[in-house]
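Please report on the fold of this chain. Cover the sheet, the helix packing and the unusual backbone spots.

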Amino acid sequence: MVRRTGYGRGAPLPYPVGMAASWSLSGALKSMFARNTIDADTWSGLEDAMISADFGPDITDSVIEELRASVAKYKTDDPADLKRMLRETLEERLARLDPTLTLSARPAVVLVVGVNGVGKTTTIGKFAKFLVGHGRTVVVGAADTFRAAAVEQLATWAERGGAEIVRPQQQGQDPASVAFQTVEWAQRESIDIAIIDTAGRLQTKSGLMDELGKIRRVIEKQTEIAEVLLVLDATTGQNGVAQAEAFIQHAGVTGLVITKLDGSARAGFVLAVQERTGIPIKLVGQGEGINDLTGFTPHVFVQGLVG
Ligand SMILES: Nc1nc2c(ncn2[C@@H]2O[C@H](COP(=O)(O)OP(=O)(O)OP(=O)(O)O)[C@@H](O)[C@H]2O)c(=O)[nH]1
């Protein structure tokens with residue numbers, strides 16, 4: 001059965017955009033751009049702002065090098081030109097990877113992974129609400145079977161988001177079997193999207209990381225997995241890169257979700273993690289409310305960042 005969804009197969013999802021700017025660099029850059037020339041203070045101010053925002057030294061150096069070359073090429077000493085060049089450079093780098101979610105399969109199976117407390121369950125609730133609001137049917141699978149509270153938390157978010165839920169039949173049930181039952185339910189009931197919540201796990205626990213491989217293999221016997229989303233907490237900054245690498249190795253991650261950007265001064269992490277992992281950011285969480293999730297739009301993000 002083909003459901004009408006309001007937008008075409010494979011088309012980018014029309015997420016609402018509009019980033020709050022608590023993580024913006026514009027305050028740090030204000031005095032720099034208010035001056036009437038570009039000089040040594042300008043460059044050191046920019047470097048300080050980028051390092052404080054957790055772009056990391058490599059990206060900071062290469063962005064500044066690129067900007068110095070542009071300033072020399074266009075023979076400008078106008079800070080307004082530098083500001084525009086900074087926006088263009090960051091946007092061009094962020095736009096190198098495609099942030100489009102692939103959700104055209106029926107059902108489209110989305111596996112959500114990450115360490116403890118990064119915001120997986122909250123993100124699933126927000127994402128379900130968004131999808132349901134766009135005419136999709138959604139089932140969530142509670143494959144975090146170790147904690148009864150985790151299942152209840154997901155059930156609450158599923159209800160808020162307007163999604164159905166497949167629960168474990170008993171505590172501690174094999175998470176892969178809950179994932180299997182969720183996909184089976186989606187297939188039988190012609191549900192558009194099955195989102196599987198997994199238990200938070202430290203990237204260093206190899207047994208738990210292997211379990212993710214098992215969940216994947218079990219689902220893949222039923223259908224292709226549309227997306228494996230790794231949720232990363234923006235407030236952890238560069239540590240998130242190490243987390244990402246382990247999950248990419250074990251879980252076949254196809255997209256990143258950056259949460260808690262609202263409480264983070266580390267907006268540079270967004271570019272750092274995407275460049276270091278080569279995996280696109282697909283969703284951004286900026287608050288605890290059910291509507292606080294947006295797609296990732298480099299242009300909008302950079303406007304908010306640089307001002
Ligand atoms: N400020 C803010 N808080 C968030 C955001 N996303 C999640 N949170 C909060 O982060 C906390 C943990 O969120 P959960 O969704 O329970 O995280 P989890 O990854 O499912 O946790 P485990 O199941 O224990 O691994 C909650 O207090 C959420 O309200 C966000 O974008 N911004």
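The report below goes from the sheet to the helices and then to single residues.

This is a predicted model, in which local features need pLDDT of at least 70, side-chain atom pairs count only at pLDDT 80 or more, and totals for chains, interfaces and linings use all residues. Residues are numbered from 1 along each chain as its sequence is written. Helices (H or I, at least four residues) and strands (E, at least two) are DSSP runs, numbered from the N terminus.

**The sheet**

An open sheet of 8 strands has mixed pairing. The strand order is S3-S2-S4-S1-S5-S6-S7-S8. Two strands pair if DSSP finds at least two bridges between them. S3 (164–166) and S8 (293–295) are the edge strands, each pairing on one side only. From one strand to the next, the twist averages 25°. Angles run from 0 to 180 degrees between N-to-C directions, and axes are lines fitted to C-alpha atoms, for helices over the stretch in contact.

The table lists some of the parallel strand pairs.

| Strand pair | Bridges | Opposed residues |
|---|---|---|
| S1 (residues 108–113) and S4 | 5 bridges | Val110 and Ile195 |
| S2 (residues 138–143) and S4 | 6 bridges | Ala143 and Thr198 |
| S1 and S5 (residues 225–233) | 5 bridges | Val109 and Ile225 |
| S6 (residues 255–259) and S7 | 3 bridges | Val257 and Leu283 |

How many residues of strand S4 are buried? For S4 (residues 193–198) the count is 6 of the 6, so the strand is largely enclosed by the rest of the structure. A residue is buried if 20 or more other C-beta atoms lie within 10 Å of its own, exposed if 12 or fewer, and partly exposed in between; C-beta atoms are placed from the backbone. Both faces of S4 are covered. Ile193, Ile195 and Asp197 are buried on one side. Ala194, Ile196 and Thr198 are buried on the other. Strand S7 (residues 281–285) is mostly covered too, with 5 of its 5 residues buried.

**Helix packing**

Two packed helices are described by the angle between their axes and the distance between the axes.

Take H5 (residues 120–133) and H6 (residues 148–161). Their axes come within 8 Å and cross at roughly 20°. That makes H5 roughly parallel to H6. Angles under 35 degrees count as roughly parallel, over 145 as roughly antiparallel, 65 to 115 as roughly perpendicular and the rest as oblique. The crossing of H5 and H6 is right-handed. A crossing is right-handed if the near helix is turned clockwise from the far one by less than a right angle, and left-handed if anticlockwise. H5 residues in the contact include Ile124, Ala128 and Val132, while those from H6 include Leu154, Trp157 and Ala158. Residues are in contact if their C-beta atoms, placed from the backbone, lie within 7 Å. By class, the H5 contact with H6 has 6 nonpolar, 5 polar and 2 charged residues. Here Ala, Val, Leu, Ile, Met, Phe, Trp, Tyr, Cys and Pro count as nonpolar, Asp, Glu, Lys and Arg as charged, and the others, Gly among them, as polar.

Helices H4 (residues 79–94) and H11 (residues 298–306) have axes that come within 9 Å and cross at roughly 140°. H4 and H11 are therefore oblique to each other. Their crossing is right-handed. From H4, the contact draws in Lys83, Leu86, Arg87, Leu90, Glu91 and Leu94. From H11 come Pro298, His299, Phe301, Val302, Leu305 and Val306. These residues divide into 8 nonpolar, 1 polar and 3 charged.

**Single residues**

Val273 is found in helix H10 (residues 268–277). Is Val273 buried or exposed? Val273 is buried, with 24 other C-beta atoms within 10 Å. Not counting residues up to four places away in sequence, Val273 touches Leu232, Gly240, Val241, Ala244 and Leu256. Gly237 is 36 residues from Val273 in sequence, yet 8.7 Å away in space, C-alpha to C-alpha.

Pro107 lies in the loop between H4 and S1. The peptide bond from Arg106 to Pro107 is cis, with omega near -10°.

Asp54 is not a glycine, but has a positive phi of about 70°. Its place is the loop between H2 (40–52) and H3 (57–73). Asp54 is buried, with 24 other C-beta atoms within 10 Å. Ser190, also not a glycine, has a positive phi of about 55°. Ser190 sits in the loop between H7 and S4. With 12 other C-beta atoms within 10 Å, Ser190 is exposed.

Methods
Contact = placed C-beta atoms within 7 Å.
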